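Trainee: Before I plan anything at the bench, I would like to go through this model with you. Please show it first.

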Amino acid sequence: MSRHISASVLRNYNCNISASLFRNYNCRLNLISSHFRTPHFISSSLPNISFIHRRDVSTVPENIQVSKYVKPFINQPVEEILIGLEKKTISGPESVSILKALRMQVLFKGANSESFRDDLRFKIICKAFEKHCIEMKPSLLVSGLRSLFEVGVPVNSSCVVSAEISILSNIQQFSAFNVIGCLYYHHKYMETYLQKKVIFRLIDQLERIMNEISTSSEILMLVHILHLFDKELQKQLEQKIIDVVPSLQVNEMCKLICLLAEKSNRNVLILNSLAFHMRQKLERPDLNETVDIFYAFKKLNFFDPKLFTCLLNHFEDEIPSVKQASLITGLLTACGHMRWRHTGILENCGKWIKNNLNYCKTREFISYVLTVAALHFSNAQVRVVVEKIVPHFTMENISSSDVLLNVAWSLGILDSVPKELLLKVLNPEFYKPLIEHSDIHSKVSYQLKLMNLKGILKKNHPEFIFGCELFLDPIKLPESSVIGRSRQHVINVLSILISKEKFLSVNQVSDTGVFIDAEFILNEKEKPLPIQDFGLGFREKKPIPDGSKRVAILVMFQKDYTHCSRRLTGVNALGARLLKNAGYTVVHIPYEEFSKSKTDVEKLLKGSKFKPDSTEDPPCMCTWCMLNMKLWVKHLPSGVMQKFEERILVQVLSLSSDRSSKLLDSGPKIAPYATQNKALISLN
């Protein structure tokens with residue numbers, strides 16, 4: 001028994017393989033189950049466009065490789081393939097070609113193999129194959145055996161047994177292509193001792209001739225069967241794939257990337273090699289391939305900014321010449337899924353839609369709105385395009401309730417949602433069936449979006465808020481344990497400065513569906529007020545004093561920002577807007593920057609230099625720095641408090657980067673318990 005076969009394969013001899021494994025052409029991704037049907041949660045409300053790439057499998061694809069013997073049978077019904085065979089002398093190659101033609105009928109035409117397996121003419125073909133298999137070339141032998149398996153010939157039939165014995169007898173003559181091709185289909189047929197022996201011998205032969213692997217077809221088949229091998233051999237084969245990548249053509253690289261995604265094989269070394277060498281090629285993928293690459297990388301959670309920039313820059317000027325609206329949809333949606341805020345692509349796609357409204361369908365309009373909203377991309381042109389396409393967003397054009405909710409919510413992010421649509425989705429007759437028939441994750445997402453929309457209604461159309469019958473309990477979306485611990489880290493640091501028991505409220509969800517990591521109140525003298533006395537912003541017991549501020553701390557992670565041009569994603573920008581509408585001063589803490597600083601002084605100095613994203617309320621940065629310092633210095637030894645206040649507080653509030661940078665070398669020692677992490681913050 002081969003020492004390199006995977007233990008999981010030994011446990012399961014009858015593992016199933018999808019039909020796509022047997023199609024060595026055009027690997028396309030179906031990342032989402034059906035068009036606009038899979039729920040998209042609050043962080044990524046984008047449509048599926050995989051339908052653009054679906055092929056009609058009722059005919060054999062034109063680009064599948066077939067021999068000259070098979071071509072006469074292409075797209076011919078079974079009866080025409082078998083007619084007259086009982087009167088002919090069939091050679092070995094002819095028997096293989098006829099078997100292959102029948103296999104293609106089963107795979108691509110949906111023919112029932114039971115309709116011909118008992119036919120005398122089919123048995124004649126099998127006998128001819130059995131008679132000649134010992135003298136066949138390895139490629140013909142592998143193809144014939146594959147066809148027998150896939151049309152349902154019993155594994156213990158004489159023709160199958162003869163073919164497998166012939167493989168064992170001639171295995172030394174098998175090339176890498178023959179070995180991988182045989183493993184590609186044979187590994188699911190391990191019912192008999194002979195079949196298992198064939199698999200083990202093939203794996204041993206592959207290990208011996210591994211250096212012969214050199215073509216894209218070998219690589220693509222190999223990726224399908226990597227799970228067969230133990231970790232040691234897998235690692236060697238993966239390195240061989242990396243060695244072959246530089247010699248691949250761009251279209252072959254695209255197929256390999258898509259296949260890795262289809263197999264959920266996130267081998268970072270292979271992906272890095274593909275991304276690097278694709279950038280080095282003078283040729284570029286076409287627009288279809290580019291969209292597929294984006295979807296594949298999205299599924300694999302792999303990000304290469306240099307490749308994305310290279311691909312999108314290449315297509316930026318070609319968008320006006322695009323003839324198919326579906327390609328615009330694909331490009332927009334791919335950018336949205338990757339959070340790639342490429343200004344040129346978004347601008348040109350918007351112009352294309354504005355100039356070709358008559359050629360667009362509702363799905364193009366939906367894709368545009370959901371994408372620009374997810375990327376928080378808005379300007380005069382976007383507003384013009386949105387104004388033109390909003391009339392298409394009706395129940396007659398969008399029959400799916402979850403899609404209509406996503407559209408309304410996206411328009412809310414863009415601050416362009418019509419009052420009629422807003423009232424429609426906030427009607428219990430609309431949203432109750434949607435929530436009741438959803439899984440728990442989708443239900444939470446829908447509830448938060450509805451609460452967001454209610455907040456928009458309250459701001460834009462306050463006269464209708466009392467008639468709104470939406471009453472949902474605030475609820476938080478589940479998130480990873482790593483992000484949860486990171487949020488708690490910031491709160492723990494903040495609680496050193498502000499007493500959690502009296503002045504600080506943490507982990508709250510507002511009545512507009514926005515999660516607030518921490519909330520506190522500062523009076524006009526920059527001193528914290530007991531939050532218990534005034535209540536939370538959305539459950540206020542009494543108004544805060546004049547000149548006071550209610551501060552909301554929002555911890556931001558990499559997923560909360562767009563790529564290419566760094567901005568808050570649409571959902572986070574909407575959350576900040578809703579909180580501001582409710583009277584909060586919103587402070588964002590980028591956790592990535594926060595976690596880099598080692599000491600409190602370093603964090604505060606960085607905080608003093610950080611440029612706020614918004615200039616609407618610039619004094620808040622100084623307010624926050626002052627609060628940090630006034631509270632923090634209370635923890636210092638009494639002998640250094642006055643000197644510290646004179647030398648550090650002034651420097652922080654002056655926003656002087658030069659003087660602040662000297663502080664780390666010349667400042668006083670800090671008490672050990674006061675050197676916990678503090679916060680780098682920015683005001684939005």
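What follows is a set of questions and answers on confidence, fold, one strand and the cores.

Mentor: This is a predicted model, in which local features need pLDDT of at least 70 and side-chain atom pairs count only at pLDDT 80 or more, while totals for chains, interfaces and linings use all residues. Residues are numbered from 1 along each chain as its sequence is written, and side-chain values use heavy atoms, with hydrogens and water left out.

Trainee: In which element is confidence highest?

Mentor: pLDDT is the predictor's confidence in each residue, from 0 to 100. Its mean over the protein chain is 78, and 74% of the residues reach 70 or more. Over residues 629–684 it stays under 50. Confidence is lowest in strand β8 (residues 682–683), at a mean of 35, and highest, at 95, in α13.

Trainee: How many helices and strands does the protein chain have?

Mentor: Helices (H or I, at least four residues) and strands (E, at least two) are DSSP runs, numbered from the N terminus. For the protein chain they come to 31 helices and 8 strands.

Trainee: Is Ser-273 buried or exposed?

Mentor: Ser-273 lies in helix α13 (residues 268–280). Buried means under 20% relative accessible area, exposed over 50%, and partly exposed in between (1.4 Å probe, protein chains only). Ser-273 has 10% relative accessibility, so it counts as buried.

Trainee: Why is strand β7 described as largely enclosed by the rest of the structure?

Mentor: Tyr-584, Val-586, His-588 and Pro-590 point one way from β7, and Thr-585, Val-587 and Ile-589 the other way. Strand β7 (residues 584–590) is largely enclosed because 7 of its 7 residues are buried.

Trainee: Which residue of β7 is the bridge partner of Ala-552?

Mentor: Two strands pair if DSSP finds at least two bridges between them. Strand β6 (residues 549–556) pairs with β7 in the parallel sense over 7 bridges. The partner of Ala-552 in β7 is Val-586.

Trainee: Which residues have the most contacts inside the largest nonpolar core?

Mentor: A nonpolar core is a set of buried Ala, Val, Leu, Ile, Met, Phe, Trp, Tyr and Cys residues joined through side-chain atoms within 4.5 Å. The largest one has 173 residues. Apart from it lies another core, of 21 residues, among them Ile-483 and Phe-503. In the largest core, the residues with the most contacts are Leu-183, Leu-222, Phe-229 and Leu-256.

Conventions:
Contact means heavy atoms within 4.5 Å.
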